[in-house]
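Trainee: I should like to work through this model by question and answer, with each reply reasoned to its end. Where shall we begin?

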Amino acid sequence: MVIDYSQTINRFPELDAYHLPKIDQQVHELAKCKLFSTLDLKSAYYQIPLDPKKRVYTAFEANGKLYQYRRLSFVINGVSAFQRIIDGIISQSGLQPTYAYIDNITIGGTSKADHDQNLKRFLHAASQLNLTFNKEICRGSATSIFSGTGFTRLG
């Protein structure tokens, strides 16, 4: 579904300048690890509840009825808001080495025990928020990470 917010919400918001992570820094840190798990959040943005007070700003009309989003969507600040939330989960839970790039989470470990403990801690934090994953895309306990064009050994 596509909604044109160009004449409404996208014209007036205070822009959220929260940055996306620098991939080179994440790779540098992950290079210290020996095992990796990569997780992909299912319908990522739509898993995050939208503040009821902000729902009115997402209103749209379809077939003569008015609707509002209940979940975070791809409105102008959606990417920044989502990245901030995922980074907050990682930071508040003290999850290291765990890195997020929007809906892709990479968890590393210097040994199998270290990796498994990091993964267990992240999955526990995610379950507290009822986050779900694309299980067919997720990979666990790998010695390399898929780069999109092949497998790249990081550690």
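Mentor: Let us begin with a definition: a residue counts as buried under 20% relative accessible area and as exposed over 50%, with partly exposed in between. Please keep in mind that this is a predicted model.

Trainee: Is asparagine 130 buried or exposed?

Mentor: Asparagine 130 is found in the loop between H3 and strand S6 (139-142). Its phi is positive, about 60°, although the residue is not a glycine. Because its relative accessibility is 64%, asparagine 130 counts as exposed.

Trainee: Which loop holds asparagine 63, and what is its phi?

Mentor: The loop in question lies between strand S2 (60-62) and strand S3 (65-67). Asparagine 63 has a relative accessibility of 79%, so it counts as exposed. Most residues other than glycine have a negative phi. In asparagine 63 phi is positive, near 55°.

Trainee: Where is there a cis peptide bond, and what is its omega?

Mentor: Most peptide bonds are trans. The cis bond joins glutamine 96 and proline 97, and proline 97 lies in the loop between H2 and strand S4 (98-101). Its omega is about -15°.

Trainee: How many helices and strands does the protein chain have?

Mentor: From the N terminus on, the elements run α-β-β-β-α-β-β-α-β-β-β. The secondary structure thus comes to three helices and eight strands.

Trainee: In what order do the four strands of the open sheet lie?

Mentor: The pairing in this sheet is antiparallel. Its edge strands are S4 and S6, each of which pairs on one side only. Neighbouring strands are turned by 15° against each other on average, direction ignored. The order is S4-S5-S1-S6.

Trainee: Which residue in S5 is the bridge partner of leucine 39?

Mentor: Strand S1 (residues 35-40) and S5 run antiparallel and are joined by six bridges. For leucine 39, the bridge partner in S5 is isoleucine 105.

Trainee: At about what angle does H3 run to S5?

Mentor: Two helices can be described against these strands. Helix H1 (residues 23-30) packs on the sheet and touches S1, S4 and S5, its direction making about 155° with that of S4. H3 lies across S1, S4, S5 and S6, and its angle to S5 is about 145°.

Trainee: Which element gives the most residues to the largest nonpolar core?

Mentor: This core has 26 residues, of which Leu39, Leu41, Phe82, Ile86, Ile105, Phe122 and Phe133 touch the most other members. Helix H2 (78-92), strand S5 (104-109) and helix H3 (112-128) each supply at least two residues. The element that gives the most, with five residues, is H2.

Trainee: Which residues outside its neighbours within four places in sequence does isoleucine 105 contact?

Mentor: Isoleucine 105 belongs to the largest core and pairs with leucine 39 as its bridge partner. Leaving those sequence neighbours aside, its contacts are Ser37, Thr38, Leu39, Ile86, Thr98, Tyr99, Ala100 and Phe122.

Trainee: How many residues form the second core?

Mentor: The second core is separate and includes Leu30, Cys33, Tyr99 and Ile145. Tyr99 is also among the contacts of isoleucine 105. The number of residues in the second core is five.

Trainee: Finally, what share of the residues counts as buried?

Mentor: The protein chain exposes about 9,900 Å², and carbon and sulfur atoms supply 55% of that area. Of its 155 residues, the share that counts as buried is 38%.

Conventions:
Residues numbered from 1 in each chain as written. Predicted model: local features only at pLDDT ≥ 70, side-chain atom pairs only at ≥ 80, totals over all residues. Heavy atoms only, no water. Core = buried A, V, L, I, M, F, W, Y, C linked by side-chain atoms within 4.5 Å. Buried < 20%, exposed > 50% of the residue type's maximum accessible area, 1.4 Å probe, protein only. Contact = heavy atoms within 4.5 Å. Pairing = 2+ DSSP bridges. Axes fitted to C-alpha atoms, helices over the stretch in contact; angles between N-to-C directions. Areas by Shrake-Rupley, 256 points an atom, 1.4 Å probe, with all protein chains shown as cover.
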